[in-house]
Structures are given as structure tokens and as C-alpha cells.
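Please open the structure in your viewer and follow the selections below in order. Each stop states what to select and what is found there.

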There are 2 protein chains.
Amino acid sequence: MPNKIDVTLGIDIGGTNTVFGFVDRQGNCVAESSIPTNPYEAAESLFARLHLEIIELKKKITDNYNFIGIGIGAPNANYYKGTVELPPNLNWGYVNVLEIVQKYFDIPSAITNDANAAAIGEMKFGAAKGMKDFIVITLGTGLGSGIVSNGELIYGADGFAGEIGHTIFDPNGRQCGCGRKGCLETYASASGIRRTVYELLCDSNDESELRKISFADLTAKTISEAALKGDKIALHAFDYTGKILGIKLADAVAHTSPEAIILFGGLAASGKLIFEPTQKYMEEYMLNIFKNKVKLIPSALTNGNSAVLGASALIWNEIDKQHELIAR
Amino acid sequence: MPNKIDVTLGIDIGGTNTVFGFVDRQGNCVAESSIPTNPYEAAESLFARLHLEIIELKKKITDNYNFIGIGIGAPNANYYKGTVELPPNLNWGYVNVLEIVQKYFDIPSAITNDANAAAIGEMKFGAAKGMKDFIVITLGTGLGSGIVSNGELIYGADGFAGEIGHTIFDPNGRQCGCGRKGCLETYASASGIRRTVYELLCDSNDESELRKISFADLTAKTISEAALKGDKIALHAFDYTGKILGIKLADAVAHTSPEAIILFGGLAASGKLIFEPTQKYMEEYMLNIFKNKVKLIPSALTNGNSAVLGASALIWNEIDKQHELIAR
């Protein structure tokens, strides 16, 4: 009988779907599935459903693979405590997710937020292989970030480090979901660029196909498509988004001096529409000693669902750290 | 014969004086001296003079102490390369300081900038003992910073991490020595508060004893003394300085989530005049998950010249890391 290959399970809990898959040590997703996330359902109930689905998926691979760990990416997750705390899109309150998981599976498990999972995913399997200092920025509905320094993810004193989306661009700026004003994510995110388009539609008289779309229907994808067709408002919106993101990334560089900043998620898929202005303004506002040193690159988590790869990488990283300790 | 006690030499190279002293493992400075720094003198020449002075100082302690390492704090120093690069107040250009030092002393040596040295000093001997995540802010002529995460100083990819003084508060703000505009240190530093006083003297008609002092003669100490006497302009200047520092410290917390932020240096000596507004505005502008968690505390490097203690701590830290590696 040939040796079985070790795999870990990556679980990404999103507001709409919970996606999960078995991933090997090289970052190949060997089996993947998903279930809908019901925002009104308790965490216990979601994990009861998820447990049954995992058992089913595991049956498909059990002849060739050993299942050795679980990594979870979830909103407002705390790595140290194993908890999820008041997630914005789920009616969970405070819940200890790792305790629930350990009722079903007696194997190593870990949880963190999706941006931190993405950062570890890039380090293990993606664009940050071999890097010891880098930042991942996830540009989704909001803006998340995971910061790696000295080869380790920064969780900080309380486990919540890496909230670059909630650094303040303008203390008198746009209202943010966090209750303050002018946070970076109110400008640089899928929802931020939508707000920018509406601001520009109001300020300028330029013709734009975006004038026909309601605020509710407008998406980053629509804006991206309009920009590719040369729509002035859409192009201006990308430039403005890149400017504010670039200014705040120059600030982030002044904190931890990364080798690279990796853009990840929906808005990053707009490619050079977002990369070019971000790079340009980041360099323009960069302190001289850091100029032309920091690479701005796209995610390279491509062998499966990137969020699942990130969640799996989280627990692979823990398992590898344990092996290193034992080997000493 | 009793066992000799190990000491390291801490050297702080400032624009006016170079201070140096032998410091034991507990952070006690057992002998200290200084020589003037001539800004027009080459690094080689300064170290030739310094070498003779160190030999003299060492004679005084040689019966009881072993001299086992050298730590240096200097402006624009690069930990990885051992260099000092274009220091603002010294006519050095690019120079490899560790190579010069090793001509005179065949013992472990390390160099970093003064703010990083201060951070390691607080971790080894001062207010951050036992902490794994904290930030030191040095409020001198400029604003320096040293960031510790996961128990290690963040040097970043290029060795220059921790430039919070050059994060941008206002892209259209005050001219900074770095060539950009609106850097934090143009507001929150001894020179920044002086600029603020002049802005307030211009904007307001309030009586102030500071109206009698020229810009060139005005110092943070004068402003502090006026504030203690209730001078409205001086008090307003401290409030404004604390507001901008507080806003940008809230940003720094969103990056690395420190347990504490330690204020160090001349302006920090103004005590509650600067601590109270900084704390108030930092909390006001803090993301909810970090509110009321981060301690704002003064430096506790008190058993000698704090810059010498910091520089010594840098090499103690290296020596301890080597011992840990050997012990494994």
C-alpha cells in the first residue's frame, strides 16, 4: 500500500457561503465543497451542518490522504482565543469556534481572520514564498490586511493586529461602518470605489454610462468594465482610489518596511486599473529611503479557492512550527 | 579572585555629543563618558578619538568587569548592513561603522538607529520588560519610533522599518526635512510644537508670554514652562500636538496592536502636558476593538543615560539570542 499524503482542511466562513477543501503540503486543493452560510443561524448549527458535509467530502479522499489539521478563516476571528467576536455579517455574538470544532475533530486546529489567513497562504503557497517581511491587502467589500514581519504574522497584543483598512485617511471624511469617519476602507474597497463614483458623478458633468445605474446596483465589476471602455468617471474613480490607497500604503511601509505588498480579492482583480495608480501614488508619497524598493504584486494563490488555501496554510504553518520545535 | 561581571559598551552618536558607557546585564551603567561630535569630522576620525577614550574608561573598570560587546545607536543606521547612510546632522555620507569598530575591537558589535535602540532598551531594562508587542516613540527634534512585535524588533526588508515620524498626517501640510509635506514629525516633536506655537500666535489674539520669544529662541522647554503657568497659547499647542500624535498613534495601533506605547525623549519630559491630550485623542480616534487596551507610558530607562542603555541593550539582545541558539 502506498504512503498516504497528509492534507489539512481549510474552511473560509463568508457572509454568503462557507467554502472548505482539503489541501496538501504543496498547496494543491484535492477536494472542495461549500454550503450556504445563513446569517441568522447560530455558529453551533452551522458547524453541525458543516461537520456532516466534511465527513462526506472526506470519504472521497480517504484512501489516499491523511486528514491532519483544520484551519479556519472567519470575520473578526481571534487567533489567540479561538473566538469570533461580533462578526459584522453573522448573528453570532461572541463564540469560541475552536471549542465547537474540537467537539467534532480531535486534530490540531486554528482560526484567524480572512486577511491574516490570506497572508499566511501567500507565504506558504503564493506570491510571498521565501519572504520574511510583506503585507497582504484584501480588497473586498471592505479592506483587510495581514502583516508579516521577521517571518511571522503580526497578531499583536490582543490578536487583532493588521487593521490597515481602519487607519484614518481623513478624520472628517466618509462615514465608516466602524462608527468613525474617513477610514481607508471607505475609499479603497469595492464599496469605497462605488462611493467615489457617486461623488464624481455629482461633482462633474462628464458623460458616463454609470449615470444609468443606481447606487444599489453599482458594483466594482461594473465600474471596472466601464473603465476598460474608457469611461472618464470610472477611470477617475480608479485613479482616486489608487491615490488614497497609495498614500496609506506609504504609511504602512514606514511602519514595517515590507519587501512586497500583495493585493488580493475582488477589486484587485481589476488588474492594472487599480495596480497602476496605486503604485504611482505610493511611490509619490513614499519616504525617500523606501522609494522604488517595495514590490506591488497580485496574489498567487491559484491552485484552488484562495480563501480555502489561506485557511489551510494557517494550520500547515502551525504544524510546521511544531515540527521545528520537536526537531530542535 | 571573585568572578568578573560581564558588561557591554553602549555608544550613542548624537549631532552634538557622542556618549558612551559600560552597562551590565541588569542595565546598570557602571562607567560613562562623552566626547563632542564634530559634524564636519569623518566617521573614521571620530572613532579614532572614541577608541582612545574607551581605552581610558575601560581602565577604570577592568579589575571587576569583562568587556564582551559593543552596541551603537546612530542616526540613519542600518542594522543589517552595519552602515550609517546620509545622517542628517553629520557629514558622513555612506559609511560602514561596524567595519571601523572591528578594526579596534574584536568582540560582537551591532548598530541601529537611536529609536530602535531605545525600544530594545525598554524591552531589556525599562518599561517594556516582559512585553512582546509594543512601540517606542522618541520625541526629540524629530519623531523616531521602534516597533516590537512577537518579541522582536521590526527591521523590515531593508533594515529601515519604524519610521512613524514620516507617516503623513496631511499630504498638503507642513514642509518636512524629508522633502515631503505633512509628516507626523512636523507636528509632534520639539520642532513641531514650536511651529504650532507660531501658527497659533498668528491665528489668535490671545495674550501670551511666547509673543516675546523669537522662533529661533523658542524651545519645547520654554513652551512647557509657559503651559505650566497657564499660558493659553502654550496649552493649546500641547493639545494640538497631542491630537495629531493621538490620531497617528491610533493608526499605528491598527497596524501592530501593541500592548503599550512608550513616549521617550525631550518632549515626553513635559509629562502630563503631552501625555493627557495624546491619550485622550488616541482613544477618541481608536478603532472600537482596540479602545482602552493600549497603555501610554513614559520611558523607564533611568539607571544612566537612556540612549547609552538602549545602545547597550541592542548588543545584550544579540548576545542573549546567540546563547539561546547554543542552548538548543
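Select I223(A) in this predicted model and display its surroundings. Beyond its neighbours within four places in sequence, I223(A) is in contact with I193(A), V197(A) and L210(A), and also with L218(A), A234(A) and A237(A).

Next, extend the selection to the largest nonpolar core, which comprises 206 residues. Which of its residues touch the most other members? In chain A they are I137(A), I223(A) and A234(A); in chain B they are I137(B), I223(B), A234(B) and A250(B). A234(A) is thus a residue to keep highlighted, since the list of contacts of I223(A) also includes A234(A).

Now select chain A as a whole. Its secondary structure amounts to eight helices and 13 strands. The C-alpha trace spans about 70 × 45 × 35 Å along the principal axes. The radius of gyration of chain A is 20 Å, which agrees with the value near 20 Å for a compact globule because the chain has 328 residues. Colour the chain by burial: 52% of the 328 residues count as buried. Among contacts in chain A with a separation of 6 or more, 65% come from residues 24 or more positions apart.

Finally, show both chains and turn to where they meet. Here 36 residues of chain A are in contact with 37 residues of chain B. On the chain B side, β10 (143–149) and α6 (232–256) each supply at least two residues. Select α6(B) in particular: this helix gives the most to that side, with seven residues. Coloured by class, the side of chain B that touches chain A shows 18 nonpolar, 10 polar and nine charged residues.

Definitions and conventions:
Residues are numbered from 1 along each chain as its sequence is written. Chains are lettered from A and ligands numbered from 1 in the order in which they are written. This is a predicted model: local features need pLDDT of at least 70, side-chain atom pairs count only at pLDDT 80 or more; totals for chains, interfaces and linings use all residues. Helices (H or I, at least four residues) and strands (E, at least two) are DSSP runs, numbered from the N terminus. The radius of gyration is taken over C-alpha atoms; the globule rule is 2.2 Å times the number of residues to the power 0.38. A residue is buried if 20 or more other C-beta atoms lie within 10 Å of its own, exposed if 12 or fewer, and partly exposed in between; C-beta atoms are placed from the backbone. Two residues are in contact if their C-beta atoms, placed from the backbone, lie within 7 Å. Ala, Val, Leu, Ile, Met, Phe, Trp, Tyr, Cys and Pro count as nonpolar, Asp, Glu, Lys and Arg as charged, and the others, Gly among them, as polar. A nonpolar core is a set of buried Ala, Val, Leu, Ile, Met, Phe, Trp, Tyr and Cys residues joined through C-beta atoms within 7 Å.
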